[in-house]
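Please open the model in a viewer and keep the selection tool at hand. The stops below go from a strand pairing to the aromatic side chains and then to the whole chain.

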Amino acid sequence: MPTNVPSGDGSLRFDLMIDGALRGVVRQAIGHVITHGLPGTHHFYLTFRTGQDGVEIPNALRAAHPDEMTIVLQNQFWDLRADEEAFEVTLSFNRIHHRLRVPFAALTSFADPSVQFGLQFQAETARPEDGADLPADGESDPAAAAGEQPAETPDAPAADDAAPA
């Protein structure tokens, strides 16, 4: 999350301040779930940049989603934890449990469809950790270009029944 809100010319970057505050909403929502569980029909869709520094996901998921990935916290997730910088959770893909670590700065969107709430976040410059470049054809998500679905979509069940594209 940006900590330096003045721009190079010394002006205040209110857009970055607002972005940071909205990421704080996600941090608080996840903190509530850690302490109290998901109340009622609440469930979260979290979309994040898989190549962002600090994102830790299995190589197979990164290969299937080289740009962005959406996960769902609903019925089957385990050991949700968070600190100021990131959250961690265990999810099941094809019935295999995987631990994911996602910095809040990597989030591009957050939604709770049960209450028709959603947030979009500003993109920050990020490069994949392995230094690989994005495809030259301008398509940032080859899986989407091929018509493949993200790991989880609004119509797909969370966790165990979700499979990487």
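Select arginine 81 and glutamate 88: the arginine stands opposite this glutamate of β4. The model is a predicted one, in which local features need pLDDT of at least 70 and side-chain atom pairs count only at pLDDT 80 or more, while totals for chains, interfaces and linings use all residues. Residues are numbered from 1 along each chain as its sequence is written, and side-chain values use heavy atoms, with hydrogens and water left out.

Next, show β3 and strand β4 (residues 86-93), which run antiparallel and are joined by three bridges. Strands here are DSSP runs of E with at least two residues, and helices are runs of H or I with at least four, both numbered from the N terminus; two strands pair if DSSP finds at least two bridges between them.

Add β5 to see the open sheet of three strands, ordered β3-β4-β5 with antiparallel pairing. β3 (78-82) and β5 (96-103) are at the edges with a single partner strand each, so one side of each has no neighbour in the sheet. From one strand to the next, the twist averages 20 degrees. Angles run from 0 to 180 degrees between N-to-C directions, with axes fitted to C-alpha atoms, for helices over the stretch in contact.

Now select helix α1 (residues 14-36), which packs on the sheet and touches β3 and β4; its direction makes about 135 degrees with that of β3. Contact means heavy atoms within 4.5 Å.

Turn to the aromatic rings: the whole structure holds three aromatic pairs. Rings of Phe, Tyr and Trp (its six-membered ring) pair if their centres lie within 6.5 Å; planes under 30 degrees apart count as stacked, over 60 as edge-to-face and the rest as tilted. Phenylalanine 44 and phenylalanine 110 form a tilted pair, 5.0 Å centre to centre with 55 degrees between the planes. Phenylalanine 44 is in strand β1 (residues 44-49) and phenylalanine 110 in strand β6 (residues 107-112), so this pair ties together parts 66 residues apart in sequence. Add Phe117 to view the cluster that ring pairs form from Phe44, Phe110 and Phe117.

Then select phenylalanine 87 and phenylalanine 104, whose ring centres are 5.9 Å apart with planes at 45 degrees, so this pair is tilted. Phenylalanine 87 counts as buried at 0% relative accessibility (buried is under 20% relative accessible area, exposed over 50%, partly exposed in between, with a 1.4 Å probe and protein chains only).

Finally, zoom out: buried residues make up 39% of the 165 residues in the chain.
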